[in-house]
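Subject: Structure for you to look through

Hello,

Here is the structure I said I would pass on. Please open it next to this email and find each residue as you read.

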Amino acid sequence: MDPRLWHKVAAISGVAALGLGTYGAHGFKPKNPTYKEVWHTASLYHLVHTAALLGAPITKNPNIFGGLLTTGILAFSGTCYTVALLEDRKYSTLAPFGGFAFIAAWASLLF
C-alpha cells in the first residue's frame, strides 16, 4: 500500500474532527453537561491523532502506525462521540480498545 495514502486518510479524518469539534462547541446541547466533556475528549483525541497521521508516511512501518491510529480514532473517539450523543455510557465498550490502539501506534515507532 502506498504510504502517501495516509495523507488522504488524515485529510478525511481532519475534516471530520473539525466538523465534529465545531458541532460539539456550538451545537451540541446535552441534557447532562457531563457529556459535553466526553464530546470534548473525543474531539481532542481525534484531532491530535489525526495530526499524527500526517507523519505516517515517514515512519518505518507506515501501515502499522497509520492503521493503529485510525483504529484508535474510530474506536476511542467514535465511541466517545456515540456515548455523548446518546447520553448513555452503555456504548462505551470499544473505547479501551481504541486507547490501546493509540498506545500501540506510538509504541510501534520504537521498532
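Below is what was found in it, taken one topic at a time.

Please keep in mind that this is a predicted model.

The core

The largest nonpolar core holds 21 residues. Those with the most contacts inside it are Y35, V38, L53, F65, L69 and A84. Four helices each supply at least two residues of this core: α1 (5–26), α2 (34–53), α3 (62–86) and α4 (95–108). Helix α3 gives the most, with 8 residues. As background, in soluble globular proteins nonpolar side chains tend to be buried together.

A84 is a useful residue to click on. Apart from neighbours within four places in sequence, A84 is in contact with F28, Y35, V38 and W39. Y35 and V38 are also among the core residues with the most contacts.

The aromatic rings

A search of the whole structure gives 8 aromatic pairs. One of them joins Y23 and F28: the ring centres are 6.1 Å apart and the planes are at 45°, so this pair counts as tilted. A tilted pair is one whose planes are neither under 30 degrees apart, which would be stacked, nor over 60, which would be edge-to-face.

Are the two partners buried or exposed? Y23 is partly exposed, at 36% relative accessibility, whereas F28 is buried, with a relative accessible area of 4%. The cut-off for buried is under 20%.

Ring pairs also link Y23, F28, W39 and Y81 into a cluster. Two of these names return below, with L20 and S43.

Between α1 and α2

L20 is in helix α1 and is partly exposed, with a relative accessible area of 27%. Leaving out neighbours within four places in sequence, L20 is in contact with W39, H46 and Y81. The C-alpha atoms of L20 and A42 are 9.2 Å apart, while the two residues are 22 places apart in sequence.

S43 lies in helix α2. It counts as buried, at 15% relative accessibility, because the limit for that word is under 20%. Which residues does S43 touch, leaving aside neighbours within four places in sequence? They are A17, G21 and Y81.

A11 is another residue of helix α1. A11 is partly exposed, with a relative accessible area of 45%. Its C-alpha atom is 9.3 Å from that of A51, with the two positions 40 residues apart in numbering.

H26, also placed in helix α1, is exposed at 61% relative accessibility. How far apart in space are H26 and H49, C-alpha to C-alpha? The distance is 22 Å, for a separation of 23 residues in sequence. Set that beside L20 and A42, which are 22 residues apart in sequence and 9.2 Å apart in space.

The surface

Y23, L85, L86 and Y91 make a nonpolar surface patch of about 390 Å². L85 lies in helix α3 and is partly exposed, with a relative accessible area of 48%. Y23 is the residue already described as partly exposed, at 36%.

The structure holds 2 salt bridges. In one, the side chains of R4 and D2 meet, with 3.0 Å from N to O. R4 is exposed, at 58% relative accessibility, and D2 is partly exposed, at 37%. In the other, D88 pairs with K90, and the closest N and O atoms are 3.9 Å apart. This pair counts as a salt bridge because the cut-off is within 4 Å. D88 is partly exposed, with a relative accessible area of 26%, and K90 is exposed, at 57%.

An unusual backbone angle

Most residues other than glycine have a negative phi. E87 is not a glycine, yet its phi is positive, at about 50°. Where does E87 lie? It is in the loop between α3 and α4. E87 is partly exposed, with a relative accessible area of 25%.

If you have time for one exercise, start at A84 and trace its contacts to F28, Y35, V38 and W39. Then go from F28 to Y23 through their ring pair, and from Y23 to the surface patch it makes with L85, L86 and Y91.

Regards

Definitions and conventions: Residues numbered from 1 in each chain as written. Predicted model: local features only at pLDDT ≥ 70, side-chain atom pairs only at ≥ 80, totals over all residues. Heavy atoms only, no water. Core = buried A, V, L, I, M, F, W, Y, C linked by side-chain atoms within 4.5 Å. Buried < 20%, exposed > 50% of the residue type's maximum accessible area, 1.4 Å probe, protein only. Contact = heavy atoms within 4.5 Å. Patch = residues over 30% accessible without salt bridge, like charges linked within 9 Å, V, L, I, M, F, W, Y side chains within 5 Å. Areas by Shrake-Rupley, 256 points an atom, 1.4 Å probe, with all protein chains shown as cover. Phe/Tyr/Trp six-rings, centres within 6.5 Å; stacked < 30°, edge-to-face > 60°.
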